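Biologist: Could you take me through two helices of this model, one after the other?

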Amino acid sequence: MTTVFCALKPEAEPLIRELDLKPISSTLYESDDVRLMITGIGKLNASSSAGFCLGRYGVSDCYVNYGTAAGARELTGQTFFAGQITDAGSGKEFFPDIADTEFKHISLVTSDVPVSEINDSCHIYDMESSGICTALRSAVTPDRMIFIKTVTDSGTPDFTKTKVLIEDASAAVISYIRKISAKKPVNSQENGDYLNELCEEFKCSESMRIQLKQFVKYQEVSGNLGEFDSHIASLRAKGLLPAPDRRHGKKLLAQFM
């Protein structure tokens, strides 16, 4: 399942239509392989919606945040992957997936208030992305988070033009969502005894298990599983694994990740 977050209904309408998503509620739409939630504007709404989906449905194969962004005038109409997300309020940085090349990469800043008169062509601005990152990061690894933004204005939106720009950009975005939704999940070692053994050694709670499961999968898809296994072996050699209790296991897992 791919979960998509859009702040506003007009941003979501082309996706709902072309992906044939059926309404579950006024803000939630689904098909067999795509779930879309309209979050509302702002970090708090976006974070709450992401937390709701995570709590209600568990971890999806992939999360996509799609919507409009403000940027320099020369970027208007272009669609980007956000390769770096900075929360303007806290200064925290997030680095979601940029493995694909359908769209150019750019740095995105999440602001608590609308930004106007933007002249910097190296950054674009929204009001939701860092909230989604914050809500998902405890259970979802960066390779499963994708942020796609279409620049529609430089800080002073003209909503009649915004609708046209969203419609024009939607075909490429829909094609990409279809592509990632068709991917089969990685057949990881986690499906066997490997993850169970690790969880036993770290004395995992359920939330720790989710974190470790996603971390193992991230190591596998990024080609680092061999190095990961070497680190585990070194912890065993030092007598740090198996952990004596959950408190030690939680501390060790946090340091390890």
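The questions below deal with helix 2 and then helix 5.

Modeller: Before we start, please note that this is a predicted model, in which local features need pLDDT of at least 70, side-chain atom pairs count only at pLDDT 80 or more, and totals for chains, interfaces and linings use all residues. Residues are numbered from 1 along each chain as its sequence is written, and side-chain values use heavy atoms, with hydrogens and water left out.

Biologist: What span should the 15 residues of helix 2 have?

Modeller: Helices are DSSP runs of H or I with at least four residues, numbered from the N terminus, and the expected span is 1.5 Å times one less than the number of residues. For helix 2, residues 43-57, the end C-alpha atoms agree with that expectation, the span being 21 Å.

Biologist: Which residues of helix 2 are buried?

Modeller: Buried means under 20% relative accessible area and exposed over 50%, with a 1.4 Å probe and protein chains only. The face turned away from the buried side of helix 2 carries the exposed L44, G55 and R56, whereas the buried residues are K43, A46, S49, A50, C53 and L54. They lie on the same side of helix 2, because they cover an arc of only 140° around the axis.

Biologist: Which exposed residues does the face of helix 5 turned away from its buried side carry?

Modeller: In helix 5, residues 193-202, the buried residues are Y194, L195, L198, C199, E201 and F202. Their arc around the axis is only 160°, which puts them on the same side of helix 5. The face turned away from that buried side carries D193 and E200.

Conventions:
Helix = DSSP H or I, 4+ residues; strand = E, 2+ residues; numbered from the N terminus. Arc of directions from axis to C-beta.
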